[in-house]
Amino acid sequence: MNSKTINIITWVLQGIMTLVFLMAGGMKVFTPFDQYVEAMPYAAELSAGIIKLIGTLEILGAIGMSLPFLIKKWYFLSPLAALGLAATIIGAIVTHAGRNEPFVMQIAFFVILGIIAFVRNKQIKAAK
């Protein structure tokens, strides 16, 4: 593949990851806790404050990974956001594995983690 194709793939994945984390974080932040627990039973084991914190971190991470490359400054935010999102995903893997949920859930989280790593690697190369 040529560099233009890889660049397009990177931006598409970046957009998808941004939307995924904005939606997941928004759901955690803006859905009333009791309704969120009905949809996501794992949340009953955590406090409403922790769920809101995780959602806020997901939203900030999504913005932090994308914004610097859209406004062409503050590039230092992107690796910090990527690390934060990776930590969030690792926490999700541990949480869901600890609940003995189907392994498919953990595979999905590993795929998301891989996409974050791929996009972040391409962003580092593009910023040089």
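Glu101 is buried in this predicted model, with a relative accessible area of 18%. That counts as buried because the cut-off is under 20%. Glu101 also has a charged partner: its side chain meets that of Arg99 in a salt bridge, at 2.4 Å from N to O. From here, let's look at the charges, then the core, the rings and a couple of unusual backbone angles.

**Salt bridges**

- How many salt bridges does the structure hold? There are three of them.
- The general idea is simple: side chains of opposite charge can pair when their charged atoms come close.
- Arg99 shows up again in a salt bridge with Glu45, at 2.8 Å from N to O.
- That second pair links distant parts of the chain, with Glu45 in the loop between helix H2 (33-39) and H3, and Arg99 in the loop between H4 and H5. Glu45 and Arg99 are 54 residues apart.
- Glu45, Arg99 and Glu101 are joined into one network, as their salt bridges share partners.
- How does burial vary across this trio? Glu45 is exposed at 56% relative accessible area, Arg99 is partly exposed at 28%, and Glu101 is buried at 18%.
- Away from that network, Lys28 pairs up with Glu58, and their closest N and O atoms are 3.1 Å apart.
- This is another link between distant parts of the chain: Lys28 belongs to helix H1 and Glu58 to helix H3, 30 residues apart.
- Are Lys28 and Glu58 buried or exposed? Both are buried, charges and all.

**Helix H1 and the nonpolar core**

- Helix H1 covers residues 3-30, which makes 28 residues. At 1.5 Å a residue it should span 40 Å, and its end C-alpha atoms are 39 Å apart, so the two values agree.
- Quite a few H1 residues are buried: Thr10, Gln14, Met17, Thr18, Phe21, Gly25, Gly26 and Lys28.
- Two names from that list, Met17 and Phe21, come back in the largest nonpolar core, which has 17 residues. Along with Met65, Ile89, Ile112 and Ile116, they touch the most other members.
- Which elements give two or more residues to this core? They are H1, H3, H4 and helix H5 (103-127).
- H4 provides the largest share of the core, with seven residues.
- For a closer look, try Ile112: it touches Met17, Phe21 and Ile89, leaving aside residues up to four places away in sequence.

**Rings**

- In general, a pair of aromatic rings is described by the distance of the centres and the angle of the planes.
- This structure holds one aromatic pair. The rings of Tyr36 and Tyr42 have centres 6.2 Å apart and planes at 85 degrees, so they make an edge-to-face pair.
- Tyr36 is buried, with a relative accessible area of 3%, and Tyr42 is buried too, at 10%.
- A ring can also have a charge over it: the charged end of Lys73 sits over the ring of Trp74, 5.2 Å from the ring centre.

**Backbone surprises**

- As a rule, most residues other than glycine have a negative phi.
- Lys72 goes against that pattern, with a positive phi of about 65 degrees although it is not a glycine.
- Where is Lys72 placed? Look in the loop between helix H3 (48-71) and helix H4 (77-98).
- Lys72 counts as exposed, at 57% relative accessibility.
- Lys72 and Gly98 are 26 residues apart along the chain, and their C-alpha atoms are separated by 41 Å.
- Asn100 has a positive phi as well, near 55 degrees, and it is a residue other than glycine.
- You can find Asn100 in the loop between H4 and H5, where Arg99 also lies.
- Is Asn100 buried or exposed? Asn100 is exposed, with a relative accessible area of 70%.

Methods:
Residues are numbered from 1 along each chain as its sequence is written. This is a predicted model: local features need pLDDT of at least 70, side-chain atom pairs count only at pLDDT 80 or more; totals for chains, interfaces and linings use all residues. Side-chain values use heavy atoms; hydrogens and water are left out. Rings of Phe, Tyr and Trp (its six-membered ring) pair if their centres lie within 6.5 Å; planes under 30 degrees apart count as stacked, over 60 as edge-to-face and the rest as tilted. Buried means under 20% relative accessible area, exposed over 50%, partly exposed in between (1.4 Å probe, protein chains only). A charge sits over a ring if NZ of Lys or CZ of Arg is within 6 Å of the ring centre and within 35 degrees of the ring normal. Helices (H or I, at least four residues) and strands (E, at least two) are DSSP runs, numbered from the N terminus. The expected span of a helix is 1.5 Å times one less than its number of residues. A nonpolar core is a set of buried Ala, Val, Leu, Ile, Met, Phe, Trp, Tyr and Cys residues joined through side-chain atoms within 4.5 Å. Contact means heavy atoms within 4.5 Å. A salt bridge is a side-chain nitrogen of Lys or Arg within 4 Å of a carboxyl oxygen of Asp or Glu.
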